[in-house]
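Please load the model in a viewer and keep the selection panel at hand. The tour proceeds by selections, each followed by a description of what is there.

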Amino acid sequence: MDTDVLIVGAGPTGLMLANQLGRRHVRATIIDRHAGPSRETRALGVQARTLEIYAQLGIVDRALELGKRATGANLWAQGRWMARVPLGEAGRHITAYPYVLILGQDDNEKILDERLRDWGLSVQWNTELVGLVQQFGSVAATLKGPDGATRTMAAAWVAGCDGARSSVRALSGITFPGAPYEHVFFIADTEARGSMVPDEVNVYLWRQGFHLFFPMRGTNHWRIVGILPEALRNRDDVNFDAVIPSLRSEAGSGLTVKSCSWFSTYRIQHRSASHFRDRRCFLLGDAAHIHSPVGAQGMNTGLQDAYNLGWKLALVVKGRADPTLLDSYEKERMPVAHRLLNTTDRGFKLVVSDSPLAGLLRVRLLARVMAFAMNRPSIQGRAFGVISQTGIRYRSSRLSQSLGGLPDGTRPREGDRFPWLHLRLEAGGPVRDLFERLDDTRLNLIVIGQPAPSMVELGLDSFLRIHSVPTDRLNDAELARARIPQPSFYLLRPDGHIGLCGVLLDKAAMARYLSERLGLKMS
Ligand SMILES: Cc1cc2nc3c(=O)[nH]c(=O)nc-3n(C[C@H](O)[C@H](O)[C@H](O)COP(=O)(O)OP(=O)(O)OC[C@H]3O[C@@H](n4cnc5c(N)ncnc54)[C@H](O)[C@@H]3O)c2cc1C
């Protein structure tokens, strides 16, 4: 076998997967048909859940240093300020990163690529996948190198992180149903002044569509995203000057643009692959699903596909888990993609529809409903959970099990991301950020209000970390806030989602869960 995992595509998704495999000492190869890293900003919003994953990977400080934190989003309708979504306030108890980090896709790729070197991996540029044959126990991949010559590589597994026009998907015969939208987007990186609330996202709704202003690094630097006015849609020669009149008509005549460093137009589609896996080949990121950029979810979803698959693939490659564990990738990630497609599609249709009635609804009703809703803390919290992707859960996955007995209405439940808590992890000791204590290369067992077992008793050697939460006033208050009952226990998968939970830790039930659900080969 030439490599354990061949990763096709070095966009954000492929780079994240390579990092997750590299830090688990898996022999991976990552290729890309381009000559070098992309210089285009493209996606811009990094969501809180991605930042939590970056923290585990040791790159969050670099990302925060390069990016700009947008702690709120402002809604404008027909030039009037209508409402503010207070991201910082809404996410204060949910995550250490209660904002959208504005950091271009090129910078995200750069940081991920730099980290890759720490695992002894680097991208093989100018290398294109052109053929794929699945054999018993391996995949024969044909690669075209920089000189045009082809060679065959035997890989145990192939990860198709090769974007919307995925070769892995096409060569695997997986269909990609969906449709293009009729609208054409434009993107412009500008230096501009106007009514925009500085350092926050500004959404301008108007009868013919919407414009989004994202704050970028530096003063008065804004990424503007919008749909082209109908009259410009079928023209090939559209430049930034052509869209300025429509921008002024709703962002106000006070809008002045000093310069535009990048302008691009693109037509977007909404599609989802009919399967995310064909035997030894997987699809992740844009290769598996593409949707409207409303909500800045695309890049984040790809990164999290890679985070979901990475630990599973590593366990299987290392012979520590049965390959059936990999079945859970599609089962868990496809519903996430479908939900995202549906919500972004509905949101997108509402904000771009050309019909006069929709235009009226947009500037009158939508703006008022949002203004009303965003004054409600419970709605703010739910909206933050969706946008930040901290609310993603896998409750119906085979890997999610509750032993029962937890009172109704308690949270979190099996399949949920375990909440971000501050706890005293030893009697009289300091209060700790639990997420800083979790090790995402292992399973983490959180034992609350009951004696913790020893590692030897559980027979999991170094693959498990145990976190004991003693009863104390501060812990009681923090657990009550998160609606976690005592006593209780939560066995977290490496990606921080709850695999098994219950009241009193039952070692036999836990051993059964590990071997029957996770397919772990116990030592
Ligand atoms: C103009 C534009 C603006 C966007 N704006 C936003 C935004 O604001 N917010 C948002 O969330 N998303 C946005 N997106 C979408 C976002 O860029 C994607 O969701 C993200 O790039 C997906 O990452 P990926 O790694 O899955 O795929 P990609 O970034 O597409 O990377 C795929 C890689 O695979 C390589 N590749 C392809 N075929 C082969 C092959 N046969 N062999 C070897 N290598 C191959 C390609 O060269 C490429 O580097 C935008 C996209 C575009 C085009």
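Begin with helix H15, residues 507–517, in this predicted model. The helix lies across strands S19, S22 (443–448), S23, S24 (488–492) and S25, and its direction makes an angle of about 155° with S25.

**The sheet beneath H15**

Next, select the five strands themselves. They form an open sheet of mixed pairing, in the order S19-S25-S24-S22-S23. Its edges are S19 (401–402) and S23 (464–469), each of which pairs on one side only.

Now restrict the selection to S25, residues 498–502. Is this strand enclosed or not? Of its 5 residues, 5 are buried, so S25 is largely enclosed by the rest of the structure. Towards S19, S25 runs parallel and is joined by 2 bridges; Gln-401 has Leu-500 of S25 as its bridge partner. Towards S24, the pairing is antiparallel, with 4 bridges. Select Tyr-490 and, opposite this residue in S25, Cys-501. S24 and S25 make up a hairpin with 5 residues between them, and in the turn Gly-496 adopts a positive phi of about 85°.

**Glu-478 in H14**

Move to helix H14 (residues 473–481) and select Glu-478. Its relative accessible area is 13%, and because residues under 20% count as buried, Glu-478 is classed as such. What does the side chain of Glu-478 meet? One of its polar atoms lies 2.7 Å from the backbone nitrogen of His-422. Beyond its neighbours within four places in sequence, Glu-478 is in contact with Trp-420, Leu-421, His-422 and Leu-423.

**The nonpolar cores**

For the next selection, take Leu-6, Ile-7, Tyr-54 and Met-510, the residues with the most contacts inside the largest nonpolar core, which has 116 residues. Helix H8 supplies the largest share of this core, 10 residues. Apart from it lies another core, of 19 residues, including Leu-438, Ala-482, Tyr-490 and Cys-501.

Return to Leu-6 and display its surroundings. With residues up to four places away in sequence set aside, Leu-6 touches Thr-29, Ile-31, Leu-129, Ala-141, Leu-143, Met-153, Ala-155, Trp-157, Val-158 and Ala-159.

**Ala-306 in H8**

Select Ala-306, which is placed in helix H8. Ala-306 counts as buried because its relative accessibility is 0%. Which residues does Ala-306 touch, not counting those up to four places away in sequence? They are Thr-13, Met-16, Leu-17, Gln-20 and Leu-284. A distance label from Ala-306 to Arg-27 should read 16 Å, C-alpha to C-alpha, for a pair 279 residues apart in sequence.

**Helix H5 and its cover**

Finish with helix H5, residues 105–116. How far apart are its end C-alpha atoms? They are 16 Å apart, which agrees with the 16 Å that 12 residues should span at 1.5 Å a residue.

Within H5, colour the buried residues: Gln-105, Asp-107, Asn-108, Glu-109, Ile-111, Leu-112, Asp-113 and Leu-116. When viewing them, recall that an α-helix has 3.6 residues a turn, so residues three or four places apart point the same way. Then add the elements that cover the buried residues of H5, among them H1 (12–22), strand S2 (28–31), strand S3 (45–46), H2 (48–57), H3 (60–66) and H8 (298–317).

Notes: Residues numbered from 1 in each chain as written. Predicted model: local features only at pLDDT ≥ 70, side-chain atom pairs only at ≥ 80, totals over all residues. Heavy atoms only, no water. Pairing = 2+ DSSP bridges. Contact = heavy atoms within 4.5 Å. Axes fitted to C-alpha atoms, helices over the stretch in contact; angles between N-to-C directions. Expected span 1.5 Å × (residues − 1). Buried < 20%, exposed > 50% of the residue type's maximum accessible area, 1.4 Å probe, protein only. Core = buried A, V, L, I, M, F, W, Y, C linked by side-chain atoms within 4.5 Å. Polar contact = N/O pair within 3.5 Å; in protein donor to acceptor, adjacent residues only side chain to side chain.
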